[in-house]
Number of protein chains: 2
Amino acid sequence: MCKTCGCSDGAQTRITHLGVAGGAAPDTLESSRDAPGRTHHAHGGAEPHSHAHPHAEPKEGAHLVSLEARILDKNDRLAERNRGWLAGRGVFALNLMSSPGAGKTTLLEKTLAELADAFPLAVVEGDQETTHDAERIRQAGCNVVQINTGQGCHLEADMVAQGLQEIDPAAGSVVFIENVGNLVCPALFDLGEAARVVILAVTEGEDKPAKYPHMFHDADLILINKIDLLPYLSFDLERCLGYLHEVAHHAEVLQISAATGAGLEPWFAWLRAHRERTLSEAGKMLAGS
Amino acid sequence: MCKTCGCSDGAQTRITHLGVAGGAAPDTLESSRDAPGRTHHAHGGAEPHSHAHPHAEPKEGAHLVSLEARILDKNDRLAERNRGWLAGRGVFALNLMSSPGAGKTTLLEKTLAELADAFPLAVVEGDQETTHDAERIRQAGCNVVQINTGQGCHLEADMVAQGLQEIDPAAGSVVFIENVGNLVCPALFDLGEAARVVILAVTEGEDKPAKYPHMFHDADLILINKIDLLPYLSFDLERCLGYLHEVAHHAEVLQISAATGAGLEPWFAWLRAHRERTLSEAGKMLAGS
């Protein structure tokens, strides 16, 4: 979709449904997106509609502005459709974002182990290449679909729509959408999630919220991860919390170690509470507000 | 330039020349890029030419393809101009890339301390927001310009052209271009550098070269950083080197700790050797090859 960062329409997004360990073999779909509004699905997905209107005057500036508006508008409309689909089905979905290697998949492994018996769980995995993360999630016994973005730098709403169709989550499920590891671009793309969770690893340094404010600004929850490594780093936690206070106005902040399990209880409690709230609100969604 | 990842023409790139510690106050230029081929410079820079040709038929698909080609072609042409400018002046420039917080600025601080007496050094700093990194470089006594990309996810050749004009590097200099912390998008944008250096921190996990191959594929040098933390991590160095071997076909690989200084001698030697080679080849550049 984005024409210069590599997430272009010809970027060859691949979607692989791994199911759960012991189930059927992975099923890979290739989706080459040649033009806005035209998405080729190997099998049934949420087909986006094109509302493109060619302009009478082919002036370049006007075309660029209208192209940008169309692309973002298209993603936002598809994101709202995802939001409606999730609410209609009674599913709580969250968008999990961070730099590469901040601990998203490790956190999911620990979370699946804790909550698998509490309610149904599923994962949509985003990576440029490989199914490494989806294999890890599958080994943890969870229903998972891998989206490979090729050169693309973020997930978009239409990819998530296909992923949701594949995993077919049951009512009452929690769906974790693990975005491509990138502290910049994913912030700008609504996927239809009910909540945004951003992980900041202490190994990245305390000033990342100030340097990459867009990612933190709209977060609902920020997990400061890898706190087990604090004794070996010069990370200034107070300064980090100060930067977060400046840019993340409504986010809760928790300190955790996904690797050791430290601090994960408040995260599990947050998940349970937000799942309950989202599901109780979902029924009212079409009625107004 | 990129219309959806936030690095759009209206993303309000800001360029701040900090000079060196004890020098004049920072000088900030605002550069709002409204349309391809039209870059407003607050003062003299390398002005790009527009070669846009409106199409007779305003078909959407055709417009998208030609727009993408024009944007990438424009960056590549400006990158070649930078390459010529650097060669003509006798300056060795490298493009330093990594995830956020992988240690780029710490490495530069250590490098400036070691090599400041050997030859002139300068730094072009790229970040979405703040001048934190440029302040650190300035404190280290080095000539530095900060480029803030706003919502943008990578540096582009025209930003670097402006930065180079600002720092005005002397013949024989080494210029470090510290890109925006992002393991995805910067890989696609030639800046005119003579070499690409990619840092991978062991805290990010050993599979990042497989998951983000585009960044590693064109690297000339890969620095595996934060090796002082290996005793506290489950990082598998052999697997990491295996992944690098698969995707980075011509890169040298060094293991370092920018924080402790471990393993930095081979990096300094690499810099000296590549500076010498680049400067000796620069004179032949216009003659052919």
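**Notebook: helix contacts in chains B and A**

I looked up which residues join two helices of chain B, and I found that Leu107(B), Lys110(B), Thr111(B), Glu114(B) and Leu115(B) in helix 2 of chain B meet Leu264(B), Glu265(B), Trp267(B), Phe268(B), Leu271(B) and Arg272(B) in helix 8 of chain B. I sorted the residues of this contact by character, and they divide into six nonpolar, one polar and four charged. I keep in mind that this is a predicted model.

I then turned to the geometry, since two packed helices are described by the angle between their axes and the distance between the axes. In chain B, the axes of helix 2 (residues 104-115) and helix 8 (residues 264-282) come within 11 Å and cross at roughly 70°. Angles of 65 to 115 degrees count as roughly perpendicular, and therefore helix 2 of chain B is roughly perpendicular to helix 8 of chain B. I also noted that the crossing of these two helices of chain B is right-handed.

I looked up helix 2 (residues 104-115) and helix 8 (residues 264-282) in chain A, where the axes come within 11 Å and cross at roughly 70°. Helix 2 of chain A passes helix 8 of chain A in a right-handed crossing.

My last entry concerns helix 3 (residues 132-139) of chain B, in which I found Asp133(B), Ala134(B), Ile137(B) and Arg138(B) to be buried. They cover an arc of only 135° around the axis, so they lie on the same side of helix 3 of chain B. Just after helix 3 of chain B, I noted that Gly141(B) takes a positive phi of about 85°.

Methods. Residues numbered from 1 in each chain as written. Chains lettered and ligands numbered in written order. Predicted model: local features only at pLDDT ≥ 70, side-chain atom pairs only at ≥ 80, totals over all residues. Heavy atoms only, no water. Axes fitted to C-alpha atoms, helices over the stretch in contact; angles between N-to-C directions. Helix = DSSP H or I, 4+ residues; strand = E, 2+ residues; numbered from the N terminus. Left-handed = near helix turned anticlockwise from the far one by under 90°. Buried < 20%, exposed > 50% of the residue type's maximum accessible area, 1.4 Å probe, protein only. Arc of directions from axis to C-beta. Parallel < 35°, antiparallel > 145°, perpendicular 65-115°, else oblique. Contact = heavy atoms within 4.5 Å. Nonpolar A, V, L, I, M, F, W, Y, C, P; charged D, E, K, R; others polar.
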